[in-house]
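Please find below my comments on the model you sent round for reading. They are set out as numbered points, so that each can be taken up separately.

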Amino acid sequence: FAYNGTCFHEFKLDSAFEVGRAPFADFDLDVKQGCDTLIVNFTNNITPTMADFVIDYGDGSKPDTNSMGRHVYTIPATHPDDSIIYYPTLIASSFGCDNITEDTVVVYRSPSVSISIDSSIGCQPFDAVLTATISNNFGYEWDLYKDGVIDTQDIATWAITLDTFGHFGVKVSAIYRGGCITTLAVDSIVQVVDLPKPDFSMDII
């Protein structure tokens, strides 16, 4: 600037301000859908790595600000549907700049299973009817004798005939979306007794 018309003084300031590059918010999920209770592992891919962040898991739990890793998703008991979608959201901050990204996690309610039988004891050959009561399922798998062999599928009521005597168990699996399988095994649900052998003797013929 000029002073008294002849004198000049110059002031120079290096780095008066800095324009920073906005961060890039990114994360990976090892699974994106499954049965309750669903364990999801988060991987932090934010650049630059020193950027501040807030990860909101989308399920009402407390957000994390210093780490992201394992998170457990469930379906609330009061939720009216058999599945729910969560939207985990990541906010990355650096140099006063924010960047936001989100993903989705779908959780399916695991089916409940119960087994009943119309009659649990009788003589061979013994006829019985097994009934599975299962919620929200796409299919059934029945395993009589619990030997690992699927004997029949996709029926809720199964009529069986047992021609050997003994105690027998049964296992039924309910299959639903998202790979959800609930299995119930019942030991000795039915007993088949051997036929009586009529016999008598006489002391005088």
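The points begin with the model as a whole and then turn to its cysteines, its strands and one leucine.

1. The model is predicted, and its confidence should be kept in view throughout. The mean pLDDT of the protein is 87, with 90% of the residues reaching 70 or more. Among the elements, strand β1 (residues 2-3) has the lowest mean pLDDT, at 50, whereas strand β3 (residues 27-29) has the highest, at 97. Any remark that rests on β1 should therefore be weighed with its value of 50 in mind, given that pLDDT is the predictor's confidence in each residue, from 0 to 100.

2. In secondary structure, the protein comes to 19 strands and zero helices. Of its 205 residues, 30% are buried, and the surface that the protein exposes is about 13200 Å², of which carbon and sulfur atoms supply 53%. When contacts between residues at least 6 apart in sequence are considered, 58% of them join residues at least 24 apart.

3. The count of disulfides comes to one. It is formed by Cys35 and Cys180, whose sulfur atoms are 2.1 Å apart, and the link is left-handed, with -120 degrees about the S-S bond. Cys35 lies in strand β4 (residues 33-35) and Cys180 in strand β19 (residues 180-193), so this pair ties together parts that are 145 residues apart in sequence. Both Cys35 and Cys180 are buried.

4. Two further cysteines deserve a line on their accessibility. Cys97, at 26% relative accessibility, counts as partly exposed, and Cys123 is likewise partly exposed, at 39%. Both assignments follow because partly exposed covers the range between the buried limit of 20% and the exposed limit of 50%.

5. One open sheet is made of three strands in the order β12-β14-β17, with antiparallel pairing. Its edge strands are β12 (113-117) and β17 (157-162), each of which pairs on one side only. Neighbouring strands of this sheet are turned against each other by 25 degrees on average, direction ignored. Strand β12 is joined to β14 (residues 126-134) by five bridges, the two running antiparallel, and within this pairing Val113 has Ile134 of β14 as its bridge partner.

6. Which residues make up the covered face of strand β8, and which the uncovered one? In β8 (residues 83-86), Ile84 and Tyr86 form the covered face, while Ser83 and Ile85 form the uncovered one. This is the arrangement to look for because, in a regular strand, the side chains alternate between the two faces of the sheet. Strand β8 is joined by four bridges to strand β11 (residues 105-108), and the two run antiparallel; the bridge partner of Tyr86 in β11 is Val105.

7. Finally, Leu184 may be examined as a single position. Leu184 is placed in strand β19, the strand that also holds Cys180, and at 27% relative accessibility it counts as partly exposed. Leaving aside neighbours within four places in sequence, Leu184 is in contact with Val113, Ser114 and Ile115, and also with Val170, Lys171 and Val172. Among these partners is Val113, the residue already named in point 5 for its bridge to Ile134. The C-alpha atoms of Leu184 and Ala174, which are 10 residues apart along the chain, are separated by 8.7 Å.

Definitions and conventions: Residues numbered from 1 in each chain as written. Predicted model: local features only at pLDDT ≥ 70, side-chain atom pairs only at ≥ 80, totals over all residues. Heavy atoms only, no water. Disulfide = S-S within 2.5 Å. Buried < 20%, exposed > 50% of the residue type's maximum accessible area, 1.4 Å probe, protein only. Pairing = 2+ DSSP bridges. Axes fitted to C-alpha atoms, helices over the stretch in contact; angles between N-to-C directions. Contact = heavy atoms within 4.5 Å. Areas by Shrake-Rupley, 256 points an atom, 1.4 Å probe, with all protein chains shown as cover.
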